[in-house]
Each structure stands twice: as C-alpha cells, then as structure tokens.
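Work through the exercises below with the structure in view. Try each task before reading its solution.

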Amino acid sequence: MELPKFKYHPDPIKTGAFVKSDKTCESCSTNRGYIYTGSIYCTQNVNSICPWCISDGSAAKKFKATFLSDAPPRIEIKIKKKKI
Ligand SMILES: [Zn+2]
C-alpha cells in the first residue's frame, strides 16, 4: 500500500516519521503496516497512529491531536513554545 502524501513532509519514511509496524492504529483500529513515530501533541495518551489517519485528519479530529510531521515549520515552532 502506498503511503499518503504529506505536503510538508515529502519523504516521511526516509526521515523516520513513519516506520513499518504491526501495531494497530488507535484511530481507525486497523493494522495498516505503518505507524507514525513522531511527536503527537494531544491531551490523551495516544501511541500508535497510522499515516492515513494523520493524512485525512481523522486522528487529529478524534484525539484533538497535532502532528508535527505534517505542520509547516512556522507552526511547529509555535506549538513547541506553547507546550514548553
Ligand atoms: Zn489509522
């Protein structure tokens, strides 16, 4: 299965944002073969999210989460400052 495209993260496999995994996504409850390894900013304890749920926004909506891998650098800095 081909990974979804991320505007601000053209090669997430190469950068390690997504890795092959047999974990089940906590958003869609599906094992899609890939799991996001980057930072997840949300109020709930979410560990395993697949690239597709990040790409279509369903994980962000479900967990009120922010995924830095698909945010433009300017927004990343804002989020980091807020959280620290
Ligand atoms: Zn998913």
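**Exercise 1: Place a serine**

Ser21 sits in the loop between strand S1 (18-20) and S2. Strands are DSSP runs of E with at least two residues, helices are runs of H or I with at least four, and both are numbered from the N terminus. Residues are numbered from 1 along each chain as its sequence is written. The model is predicted: local features need pLDDT of at least 70, side-chain atom pairs count only at pLDDT 80 or more, and totals for chains, interfaces and linings use all residues.

Task: decide whether Ser21 is buried, partly exposed or exposed.

Solution.
- Take the cut-offs: buried means 20 or more other C-beta atoms within 10 Å of the residue's own, exposed means 12 or fewer, and partly exposed lies in between, with C-beta atoms placed from the backbone.
- Ser21 is partly exposed because it has 16 C-beta neighbours inside 10 Å.

**Exercise 2: Find its partners**

Task: which residues does Ser21 touch, leaving out those up to four places away in sequence?

Solution.
- A contact needs C-beta atoms, placed from the backbone, within 7 Å.
- Ser21 touches Tyr34 and Ile35.
- Ser48 is 27 residues from Ser21 in sequence, and their C-alpha atoms are 9.5 Å apart.

**Exercise 3: Judge the confidence**

Task: where in the protein chain is confidence lowest, and where highest?

Solution.
- pLDDT is the predictor's confidence in each residue, from 0 to 100.
- The chain's mean is 82, and 80% of its residues reach 70 or more.
- Helix H4 (residues 73-83) is lowest, with a mean of 53.
- Strand S2 (residues 34-36) is highest, at 94.
- Where pLDDT is low, the predicted coordinates should not be read in detail.

Definitions and conventions
Contact = placed C-beta atoms within 7 Å.
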